[in-house]
Structures are given as structure tokens and as C-alpha cells.
Amino acid sequence: MIIETHVHLCDEKYDHDRDEVLKRANASGVMKFLNIGAELKEVRKIAAMEIENVYKAMGLHPHNAAELTDGVYDEIKGYFKAQKKAVAVGEIGLDYYKNPVPKALQEKVFRAFLGLAKELDLPVAIHSREAHDDVYNIIREYVLNKRGVIHCFSGDAGIAGKFTDLGYMLGIGGVITFPNAETLRNAVASVPLECLVLETDAPWLAPQQERGKRNEPSYLRHIAQAVARLKNVSVEQIESVTTKNAEKLFNI
Ligand SMILES: [Zn+2]
């Protein structure tokens with residue numbers, strides 16, 4: 001069994017065949033899903049969607065930080081209180097790559113949601129793009145019991161070690177299969193398997209074998225195989241350890 005720890009199942013790209021996507025995932029061994037809300041519209045869909053074995057994470061991605069008002073914060077907090085399957089705060093974080101949202105606003109919103117995670121005693125799903133040092137310094141200030149995951153981790157071995165020393169997991173996605181991702185592969189090779197969870201970030205970032213297509217959770221198999229090759233262990237072992245890691249992190 002594999003757990004998909006980061007998928008945007010409410011994306012409209014799945015509106016015509018969401019059931020088929022989930023069936024294909026199940027057929028390939030992907031049995032639990034963390035459905036991620038990164039903007040208010042998506043969070044509302046997630047709050048309203050009940051599917052067996054689909055768990056929920058809700059937050060505002062740094063691209064959507066300007067959506068946060070007091071009212072929106074209260075609304076999202078309300079969904080957490082009302083939903084048993086809401087198991088993580090995210091996706092939240094910092095993105096300095098071509099992001100028009102000012103850094104100060106991104107940081108304010110990131111901190112607001114870290115505070116919410118602390119209050120709710122939930123882990124976080126963090127987006128960090130070209131912002132690893134600032135993300136690291138900020139999450140160090142919020143000692144969350146459950147910590148969280150640096151989703152679609154894209155850094156080098158140095159920052160991988162810093163995040164995992166802090167107790168954070170690294171979410172490994174399709175980028176690990178890209179020919180030019182040698183730095184990431186070295187980073188993943190350098191951290192213990194107990195620090196890794198698997199994700200697609202679908203519908204984006206299809207692995208190399210499916211490049212150019214809409215991504216979907218059944219493609220997690222390619223990612224598990226890539227990690228197995230890197231770690232020189234069986235795919236079954238990768239599945240078993242990363243599943244345990246995700247079950248423990250998200251309490252699912
Ligand atoms: Zn995402």
C-alpha cells in the first residue's frame with residue numbers, strides 16, 4: 001500500500017473522471033489520500049467533499065496569501081473544527097520564485113497558519129520554493145508536536161538535513177524522476193527512509209515516465225521505484241516505510 005500525501009483532488013481537471021482516477025490509484029496500490037487545499041475556492045470544495053480514505057489538508061498557498069482576511073481565517077478554522085478528516089494545515093509556506101505576492105505578506109499568512117496548526121495540534125504541509133532558509137527559520141519558532149512535511153522537497157542535502165533534524169518529513173514527488181534532478185536525488189539518498197513520504201502534487205508535476213500528461217496518484221508507483229533505486233532497497237520496503245511514516249505523521 002502507498003499513501004498519497006499531496007494531491008489536489010478537487011482540481012477541476014478531475015471533474016469529469018475523479019472516480020476513475022481514484023479507482024486507478026486503488027488498483028495500483030494507492031489506498032489513502034491527503035487532499036490539499038491551497039486557495040479558498042479549493043478549501044471550500046475540500047470541506048464539502050466526503051470520499052472514503054480521502055483526508056483533508058486546508059490552508060492558503062503563498063501565491064494566494066492575499067486571500068487571507070479575518071473572515072477567511074475564521075472560515076478555514078471552522079472547517080477544521082467541523083471535520084474529523086481534516087488532518088493537516090496546508091498547503092502553506094513561502095515561494096520566492098516569480099511570486100508577485102510581497103515576501104512580508106507571505107510571511108504574515110504563513111505565520112498565521114503555523115499558529116493555527118499549533119492551536120489545533122495538527123501537522124503542517126509546507127510549500128517552500130527558493131525560500132528554504134526563511135522557511136527553516138520561521139518553522140523553528142513554532143514547535144509543533146507533530147511537525148509536518150516539506151512538500152515537493154526540492155533542496156540539496158544540506159537543507160534536507162536541517163529540515164529532518166528539526167523533525168520534519170520530506171515529501172518526495174515526480175521531480176525525483178527528472179533527468180536534471182541530481183541534486184535532489186543526492187539529498188534524498190542522504191536522509192533516512194524514516195524521514196520520507198511520497199506524493200504526486202497532482203494534477204501538476206507528472207513524473208518523467210508520464211511527462212506532459214495530467215498527473216494522478218496512480219503514478220506514485222514511478223516515484224516509489226525511483227526512491228527504491230536510490231536507496232537500493234525493494235519497492236515493497238519503500239512502500240511499507242513511507243506508509244508508516246505518513247500514517248504516523250497525519251494520524252490516519
Ligand atoms: Zn500542492
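A residue counts as buried here if 20 or more other C-beta atoms lie within 10 Å of its own, and as exposed if 12 or fewer do. Keep that in mind for the whole tour, and remember that the model is predicted.

**Stop 1: helix H5**

Select helix H5, residues 132-141. Colour His132, Val135 and Ile139, the buried residues of H5. Now look down the axis: these buried residues fall within an arc of 60°, so they line one face of the helix. Swing round to the other side of H5 and you meet Asn137, Arg140 and Glu141, which are exposed. What sits over the buried face? The cover over the buried residues of H5 includes strand S4, helix H4, strand S5 and helix H6 (157-165).

**Stop 2: helix H4**

H4 is part of that cover, so to speak the next door along; select residues 103-120. This helix has 18 residues and reaches 26 Å from its first C-alpha to its last, close to the 26 Å expected at 1.5 Å a residue. Which residues of H4 are buried? Pick out Gln106, Val109, Phe110, Phe113, Leu114 and Ala117. They cover an arc of only 140° around the axis, which puts them on the same side of H4. On the other side, try Ala104, Lys108 and Glu119, which are exposed.

Show the surroundings of the buried residues of H4 as well: strand S4 (86-95), strand S5 (124-129) and helix H5 are among the elements that cover them. Then step off the end of the helix to Asp121, which follows H4 and has a positive phi, near 55°.

**Stop 3: strand S4 and the core**

Next, go to S4, residues 86-95. How many residues are in the largest nonpolar core? There are 70, and those with the most contacts inside it are Ala88, Val89, Leu170, Ile172 and Val227. S4 gives the most to this core, with six residues.

While you are on S4, click on Glu91, which belongs to this strand. Check the peptide bond joining Gly90 and Glu91: this bond is cis, with omega about 25°. Most peptide bonds are trans.

Now centre the view on Leu170, one of the core residues with the most contacts. Leaving aside residues up to four places away in sequence, Leu170 touches Ile150, Phe153, Ala160, Phe163, Thr164, Val191, Cys195 and Leu196. Show those side chains around Leu170 to see what it touches.

**Stop 4: the loop between S8 and H8**

Strand S8 covers residues 196-198, and helix H8 covers 220-231. Zoom in on Asp201, in the loop between S8 and H8. Asp201 is not a glycine, yet its phi is positive, about 60°. Is Asp201 buried or exposed? Asp201 counts as buried, because it has 22 C-beta neighbours inside 10 Å.

Move along to Pro203, in the loop between S8 and H8. Ala202 and Pro203 are joined by a cis peptide bond, with omega about 15°.

**Stop 5: helices H8 and H9**

Select H8 together with H9, residues 235-250. Their axes are 8 Å apart, and the helices pack at an angle of about 105°. H8 and H9 are therefore roughly perpendicular to each other. On the H8 side the contact is made by Ala224, Gln225, Val227, Ala228 and Lys231, and on the H9 side by Val235, Ile238 and Glu239. You have met Val227 before, among the core residues with the most contacts.

Between H8 and H9 there is a loop, and Asn232 lies in it. Asn232 has a positive phi of about 60° although it is not a glycine. With 7 other C-beta atoms within 10 Å, Asn232 is exposed.

**Stop 6: helix H2 and Asp11**

For the last leg, select helix H2, residues 40-48. Glu42, Val43, Ile46 and Ala47 are its buried residues. Down the axis of H2 they fall within an arc of 140°, so they line one face of the helix. The elements they pack against are strand S2 (30-37), strand S3 (54-58) and helix H3 (70-82).

Finally, find Asp11, in the loop between strand S1 (2-7) and helix H1 (18-27). Draw a distance from its C-alpha to that of Lys45: the two residues are 34 apart along the chain, and the separation is 9.1 Å. Asp11 counts as partly exposed, because it has 18 C-beta neighbours inside 10 Å.

Notes:
Residues numbered from 1 in each chain as written. Predicted model: local features only at pLDDT ≥ 70, side-chain atom pairs only at ≥ 80, totals over all residues. Helix = DSSP H or I, 4+ residues; strand = E, 2+ residues; numbered from the N terminus. Expected span 1.5 Å × (residues − 1). Arc of directions from axis to C-beta. Contact = placed C-beta atoms within 7 Å. Core = buried A, V, L, I, M, F, W, Y, C linked by C-beta atoms within 7 Å. Axes fitted to C-alpha atoms, helices over the stretch in contact; angles between N-to-C directions. Parallel < 35°, antiparallel > 145°, perpendicular 65-115°, else oblique.
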